[in-house]
Amino acid sequence: MNIVVCIKQVPETTSVKISKDTNTLMREGVKSIINPFDMYAIEEGLRIKERFGGRISAVSMGPPQAEEALREAVSYGVDDAFLLSDRAFAGADTLATSRTLAKGIKKIGSFDLIICGKQAIDGDTAQVGPGIAEKLDIPFVAFVRKIREIGNHSIKVERMMDDGYDVMEITLPSLITVVKEINEPRMPSLRGKMKAKSIDIPTWGLADLEIGEDKVGLKGSATQVIKVFTPKRGGRREMLEGSVETQVGLLINRLNDLKVV
Amino acid sequence: MDYFLTENQMMIKELARQIADQRIMPVRAELDEKEEFPWEIIKVLADSDLMGLCYPEEYGGLGGGTFENCLAVEEISRACIGVSVCYAGSGLGAYPILLFGSEEQKKRYIPDVAGGRKLAAFGLTEANAGSDASGIQTTAVLDGNEYIINGTKQWITGGGEAEIYTVIVMTDKTRGSRGASALIVEKGTPGFSFGKKEKKMGIRASATTELIFSNCRVPKENLIGREGMGFVVAMRVLDRTRPGIGAQAIGLCQGALDEAVNYARERRQFGKPIISFQAVQHILADMATQTEAARALVYSACRFIDSGAKDISKVSAMAKVFSSDVAMKVTVDAVQVLGGYGYMRDYPVEKMMRDAKILQIYEGTNQIQRNVIGQELIKEYAGKKEKK
Amino acid sequence: MVKVDIELCTGCGVCEEACPFGAIKIQDDVASIDERCNLCGACVDVCSFEAISTQGLRKTGGEGNDHKGIWVFAEQRNGKIASVVLELLGEGRKLADKLGVDLSAVFFGDSVEMQTNELISYGADKVYVADAPILRDFNDEIYSKVLVDLINEYKPEIVLSGATAVGRSFIPEVSARLETGLTADCTALDIDTERRILLQTRPAFGGNIMATIICPDERPQMATVRHKVMKKAIYDTNRKGEVIKKNINGYGVNLRTKVLEVVEEIGETVNIAEADVIVSGGRGLQEPKNFKLIEELAKILGGAVGASRGAVDAGWIPYSHQVGQTGKTVCPKLYIACGISGAVQHLVGMQSSDVIVAINIDKDAPIFDVATFGIAGDVFEVVPALIKRFNEIRG
């Protein structure tokens, strides 16, 4: 089976903090990592390859340093990797990103299954997976928590719903986005790390993908961020004094005022 | 301090660290509590190619040396030396074959060990023969095409879990210390069984058992080298593996130091974090200095061994004795810094202190190490005197 | 791109700190902005020298003019209308009134025509309904086809959907097919009445910052909204509305997607990340049996039970309840931390909660640094007292 895994390099958001003084993100020393959900996508792809043979390729759209993430993917066992990078791609919303990745995947070659992580932990939209499926005109299932069966022409999967799961069958080629419940990602291997060090990762830009400038990046985006602000914090830090009865009474009043109870 | 590792060495260190952080740290307390052999972690180490780190490429390994092994063992030990002894102990069992075995023996046994599919173990110690290894009483009598082994080995790391055992046995009592030989015995061989698993103070994830031989027959092809080479094999192998104990020690020290410093930064008494008190700082400073000194010595010893040097006994013994003594002190200090919390089993340092003790005992007690160093000094300076 | 006027720029670096995307660097005493810029304008706001300006690179004069009306996708599961739909209708009504347009619901299902009245009573002026057996279970392929055709036919200017498993699954496909913008998980919606566009606000960077987004040119403007964010619509059975039926003959042909089974799992596994209220317990509870207090308080408030890593490691409560760096990240409306000291690893998992209440005997415990309200006291006195008062109020 030929598998393509889409990955994204993201900042490790759990260590991103808001500076108390300037009320902005403190990005110093924040590590860049492979989006955690994409790790599950890579692992699932590797497991399918181990069972059925074939190739697994990783692709990512990002700035030049996203190449590190692709190399890391190779260290887990991915066969080859491709970086879609161009100044023109910058500022893309999920629509422009989906178009770009779809073109990139087409350029890699024929595929049976595309696997994406459910969402990226910086954007949290979960839109790119379905967007890519749309641009490639292939069926997809989102939030897959288990692949039940893989046949020659279709796959059966379990889609996680809010109150249980649905069992879906879709024809190949297709795309799935996966959730953490699907597997446990492996550690990299030394041989993988050595391969990752030396492997050639092609970088494709606007011209390579044969895509119009108006379809990618900021220009190709339908949405636009017009404001960024820090959310109202709980940190009013009011210590409630008095006897236990008083404290409890004060607390309940405050909570009622804020309409949280 | 930067030890100027090569890119490959950095890779090994980072990978071992990742595995230590993500797979070993979360379960170390449970493994210690339940005295469970960490098979799942061994599998992760195998899948990540670390089990094969120091075996030649022709047998499926990665061709790394003592230093590479040390880097991996150090990072794993930072999380738990019970787990790292399961990892490194296999090397101890395989080294006799690797260093002295025939091509056939190497081809037969090493690939499985390098691939992490089987573990090896080394059997020398007996109830009456610890430091005085020459007092071993397990015998192997040649009968036609087979050796018949009788006797009991004690406190063997990996006992019951490993598949491949290299055992030192007496083949000719009349020749004294030249009458011992090294034999390979596989688990499941009739006449070969295991005693109960010992209940230990520390490294409780590791399995320590007796090896019981009762008319156990092995083909004569399982002899490593020639008859009579037994103790030479043992001593040479231990020279090579002692830095591994050093690596365990420095990893353990680092883990203990990390816990102590992190705790001291957060624990507040008298209105301040306790790390702001000089008394605490001095303890931590000594811990850190000793750890670094041990590390520098262990790394140097490894590099010296990897350079192909012949006379490695002294350096190897020094690395082991110094770092294990340091580890005992550093872990005791770590408990002290954590105070009451340090004594509680909910916190990791009491385990580290319990674990540390064995480093001063196994693979040659620290008293024996000092003997070795003493003997080497005598030889060395005798040589110098003659040169003049 | 955003432009820096190097004459006015003093290289003070305030913009560099303010940029959430790390796109600004001070080089040779002037600010230089690279391709990571997302045109959010945060730097423009903070520059005291007005040296930064945005240049509209966006294409203008879109097709927006003939699109009118606000649509709400009325999700149903097993024949029951999802509660988020009622909240969307509530919010949709406000937005529709601001724009002076109709509010409609789009309803797919099997034998659901009877329920269209519900949607009208909750505020829909129109209901577009597609009723057929093939629509009973959520099949994103056919749902997308039908919704896209409806949108192309009737041209709404705004389409809202719940950010549920259903919504987050097929709405992105719809927006991509329509080549329009979609903003996921909005926590606030508003109308810029001057430009007649939808202002969509949502969290980003794991909840560390909020972003306001618009879709200036393409239509419809699409957004999904989280459950329990908006207020439920007013129910009025006197309301009248129009029902427009959509014929879906032929839509079920050649589908590449099939729903084989729908399985409900009434499980114990509370996903605390979804809860509005979380009451959490830590080592300060001293013994596992004291978690009963936490459970009771959570129950009264209709919330979930959380725990610090210390409590989970001690075996007092399963890992699925753990909040923190190695557990779950939560941002409920109300987080009550009982007997939790507030180690950094825990704070990271809950500090973006709307309101944080901390109860701890140690008044210097770090948890109080992030708490909205703090009670320095004995959990074993305060929590029972809270339970008692809530019980009294609830009657």
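Thr257(C), in strand S17 of chain C, is the bridge partner of Ile170(A). The model is predicted: local features require pLDDT of at least 70 and side-chain atom pairs count only at pLDDT 80 or more, whereas totals for chains, interfaces and linings use all residues. Residues are numbered from 1 along each chain as its sequence is written, and chains are lettered from A and ligands numbered from 1 in the order in which they are written.

S11(A) and S17(C), the latter spanning residues 257-264, run antiparallel and are joined by seven bridges (strands pair if DSSP finds at least two bridges between them; strands are DSSP runs of E with at least two residues, helices are runs of H or I with at least four, and both are numbered from the N terminus). In the interface of these chains, 75 residues of chain A are in contact with 81 residues of chain C (contact: C-beta atoms, placed from the backbone, within 7 Å). Elements that each supply at least two residues to the chain A side include helix H3 (94-108), helix H4 (128-136), strand S9 (140-150), strand S10 (154-161) and strand S11 (164-171). H7(A) gives the most to this side, with nine residues. By class, the side of chain A that touches chain C has 36 nonpolar, 20 polar and 19 charged residues (Ala, Val, Leu, Ile, Met, Phe, Trp, Tyr, Cys and Pro count as nonpolar, Asp, Glu, Lys and Arg as charged, and the others, Gly among them, as polar).

In chain B, the axes of helix H5 (residues 81-100) and helix H6 (residues 103-114) come within 10 Å and cross at roughly 160 degrees (axes are lines fitted to C-alpha atoms, for helices over the stretch in contact, with angles from 0 to 180 degrees between N-to-C directions). That angle makes H5(B) roughly antiparallel to H6(B) (over 145 degrees). Ser90(B), Ala94(B), Ile97(B) and Leu98(B) of H5(B) meet H6(B) at Gln105(B), Lys106(B), Tyr109(B), Ile110(B) and Val113(B). The residues of this contact comprise six nonpolar, two polar and one charged.

Also in chain B, helix H9 (residues 313-343) and helix H10 (residues 349-356) have axes that come within 8 Å and cross at roughly 155 degrees. H9(B) and H10(B) are therefore roughly antiparallel to each other. Residues of H9(B) that meet H10(B) include Ala327(B), Thr331(B), Val335(B) and Leu338(B), and those in H10(B) include Val349(B), Met352(B) and Met353(B). The contact of H9(B) with H10(B) divides into eleven nonpolar, two polar and one charged residue.

Key
Angles under 35 degrees count as roughly parallel, over 145 as roughly antiparallel, 65 to 115 as roughly perpendicular and the rest as oblique. Two residues are in contact if their C-beta atoms, placed from the backbone, lie within 7 Å.
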